[in-house]
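Reader: I should be grateful for a close look at a single part of this structure. Please describe how that part is arranged and what surrounds it.

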Amino acid sequence: MESLPDFWLPRPEGATASSRERFEALWEHALSRGPADPVPYRLAEPKWQFLCHIADHADVVLHGSQDPAIELFEPRKADDVIEFGDREAVYAATDGIWPMYYAILDRARNPMSLTNACIRIQGPSGEWSDPYYYFSITDAALVRRPWRTGTVYVLPGETFTVQPPMAGALGTVQPAQAASAVPVRPLAKVTVNPEDFPFLHQIRGHDDRVLQERATKDPNGFPWLTDP
């Protein structure tokens, strides 16, 4: 695979075999407890590794939020330049790191726009890469370091449809976005702090006006870092 532009962030090195055994035990415990209280996370491994493990190996999707007490996720109309993300649905990720970004951003006290992605890239033999990420928020908000404690919800995957692969400048990519047209109740939830997010210091800033102009001119030009 050709080298990617440096704004694409590769997933850090994953868990060991012994870590995966601990993650499986914790996941079973979380399912038995239910979603009323956060998973009691006392492992030495970073939380993102646990979240990636269950996203990769269980039939679940993950949703990041600043609200720690959601009992039922209702479909809502989203606003996206991509058709899949521009409809009424419950949105979630098939990845463990991406939803942490949404969980730790204090958008209530810091108005901002978001530009972000999580993708896998298809290789010449049809194999898929490990995930790559991009994160950006409004410049004026970024300088205030608008971080806060948030919650990542684990949702059952049965009613979710994964966004289809897309052809683009990188070749064929698989976005990690999934959507459910019906309400969904969480299976479990994990409290996450800003320092739990492995890309906290790689979140970029953008000018809202410039970003909107470039996205309008070239809807497929993500992440619109230069003029199309």
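**A helix pair and a strand**

Author: In this predicted model, helices α1 and α2 are roughly perpendicular to each other, because their axes cross at roughly 75° and angles of 65 to 115 degrees count as roughly perpendicular. Helix α1 spans residues 17-33 and helix α2 residues 47-57, and the two axes come within 10 Å. On the α1 side, the residues in contact are R20, F23, E24, L26 and W27. These meet Q49, F50, H53 and I54 of α2. Sorted by class, this contact comprises five nonpolar, two polar and two charged residues.

A second part to examine is strand β7, which covers residues 150-156. Seven of its seven residues are buried, so the strand is largely enclosed by the rest of the structure. In a regular strand, side chains alternate between the two faces of the sheet. Both faces of β7 are covered. One side carries G150, V152, V154 and P156, while the other carries T151, Y153 and L155, and all of these are buried.

The pairing of β7 can be described through two neighbouring strands. Strand β2, residues 60-65, runs antiparallel to β7 and is joined to it by six bridges. Within this pairing, H63 has Y153 of β7 as its bridge partner. Strand β12, residues 188-192, also runs antiparallel to β7, and five bridges join the two. Here T151 is partnered by T191 in β12. Y153 and T151, the β7 residues named in these two pairings, both belong to the face that also includes L155.

Definitions and conventions:
Residues are numbered from 1 along each chain as its sequence is written. This is a predicted model: local features need pLDDT of at least 70, side-chain atom pairs count only at pLDDT 80 or more; totals for chains, interfaces and linings use all residues. Side-chain values use heavy atoms; hydrogens and water are left out. Buried means under 20% relative accessible area, exposed over 50%, partly exposed in between (1.4 Å probe, protein chains only). Helices (H or I, at least four residues) and strands (E, at least two) are DSSP runs, numbered from the N terminus. Two strands pair if DSSP finds at least two bridges between them. Axes are lines fitted to C-alpha atoms, for helices over the stretch in contact, and angles run from 0 to 180 degrees between N-to-C directions. Angles under 35 degrees count as roughly parallel, over 145 as roughly antiparallel, 65 to 115 as roughly perpendicular and the rest as oblique. Contact means heavy atoms within 4.5 Å. Ala, Val, Leu, Ile, Met, Phe, Trp, Tyr, Cys and Pro count as nonpolar, Asp, Glu, Lys and Arg as charged, and the others, Gly among them, as polar.
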